[in-house]
Amino acid sequence: MTPAAFLELSIYASFVMVMLSLAIAFVRLAIGPSLADRVVALDMMTVTIIAVCGVAAVATGVYALIDVALVLALVGFLATVALARFAERRDAKREEARHD
Amino acid sequence: MIDIIIGNFLLLGGFFALIAAIGLLRLPDVLTRMHASTKAGVLGSSLILVGSAVYLAEVEITARVVATILFLMLTSPIGAHMIGRAAVRHLSKTHDEAENEG
């Protein structure tokens, strides 16, 4: 097998693996019993989409996809923090309502 | 030669992303799921980004990839810590309730 053919094959294989992990994370997002499970699954999906951007940059040679990955890392962190704070505050509010 | 190095980076990255997703699906509670997704997931996407930096081979792209990986490794523990704090409060509360009832 020539090196170019190996690269082609590994691009396809890693696309399959990354997309499979995206689908599995989506299953967890759908069935996750608590809100924290769903936030973890969304965080995982953001990281996986960054990986998809990397593989697509190799497959197509488009430089801009690396910028997309950088921006997704920035925005995904903000989304995770906001959702985690929301989950925490919702629990605290419920507890307050129970004590009243 | 360089093609083989890039291919190995991509395959390893995809493998670790898949491991992280399987852990996310199979592990029993929130904290262990978080452990799988933050560590293995970040390692997988970092390896794939390193592979794409080697493939594109330009200084600007490499700088962006290094910035992305640094940012991921800096922020994913912070995010995991915040989710974990919310989850632990929830878990300990349900545990206390179960003890009070029992």
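**Exercise 1. Overall form of chain B**

What radius of gyration does chain B have, and what would a compact globule of 102 residues have?

Solution. The model is a predicted one. Step one is the reference value: a compact globule of 102 residues would have a radius of gyration near 13 Å. Step two is the value for the chain, which is 18 Å for chain B. Step three adds the extents along the principal axes, where the C-alpha trace of chain B spans about 65 × 25 × 10 Å. As for burial, 45% of the 102 residues of chain B count as buried.

**Exercise 2. Secondary structure and contacts of chain B**

Determine the secondary structure of chain B and the share of its contacts that join residues 24 or more positions apart.

Solution. Start with the elements: chain B has three helices and zero strands. Their order along the sequence is α-α-α. Then take the contacts in chain B with a separation of 6 or more; 64% of them are between residues 24 or more positions apart.

**Exercise 3. Helix α2 of chain B**

Compare the span of α2(B) with the expected one, and decide whether this helix is enclosed or not.

Solution. Helix α2(B) covers residues 30-56, 27 residues in total. From first C-alpha to last it reaches 38 Å, close to the 39 Å expected at 1.5 Å a residue. A residue is buried if 20 or more other C-beta atoms lie within 10 Å of its own. Because 21 of the 27 residues of α2(B) are buried, the helix is largely enclosed by the rest of the structure. Just after α2(B), A57(B) has a positive phi of about 50 degrees.

**Exercise 4. The contact between the chains**

Describe the side of chain A that touches chain B by element and by residue class.

Solution. Chain A and chain B each bring 47 residues to the contact. On the chain A side, the elements giving two or more residues are α1 (3-31), α2 (35-60) and α3 (64-99). Of these, α1(A) gives the most, with 16 residues. By class, this side of chain A has 33 nonpolar, seven polar and seven charged residues.

**Exercise 5. The largest nonpolar core**

Which elements supply the largest nonpolar core, and which residues touch the most other members?

Solution. The core has 60 residues, and A36(A), V39(A), M44(A), A69(A) and I83(B) touch the most other members. At least two residues come from each of α1, α2 and α3 of chain A and α1 (2-26), α2 and α3 (59-101) of chain B. The largest share, 16 residues, belongs to α2(A). For V39(A), leave aside neighbours within four places in sequence; its contacts are then T80(A), L83(A), A84(A), A87(A) and I83(B).

Terms used. Residues are numbered from 1 along each chain as its sequence is written. Chains are lettered from A and ligands numbered from 1 in the order in which they are written. This is a predicted model: local features need pLDDT of at least 70, side-chain atom pairs count only at pLDDT 80 or more; totals for chains, interfaces and linings use all residues. Two residues are in contact if their C-beta atoms, placed from the backbone, lie within 7 Å. Helices (H or I, at least four residues) and strands (E, at least two) are DSSP runs, numbered from the N terminus. Ala, Val, Leu, Ile, Met, Phe, Trp, Tyr, Cys and Pro count as nonpolar, Asp, Glu, Lys and Arg as charged, and the others, Gly among them, as polar. The expected span of a helix is 1.5 Å times one less than its number of residues. A residue is buried if 20 or more other C-beta atoms lie within 10 Å of its own, exposed if 12 or fewer, and partly exposed in between; C-beta atoms are placed from the backbone. The radius of gyration is taken over C-alpha atoms; the globule rule is 2.2 Å times the number of residues to the power 0.38. A nonpolar core is a set of buried Ala, Val, Leu, Ile, Met, Phe, Trp, Tyr and Cys residues joined through C-beta atoms within 7 Å.
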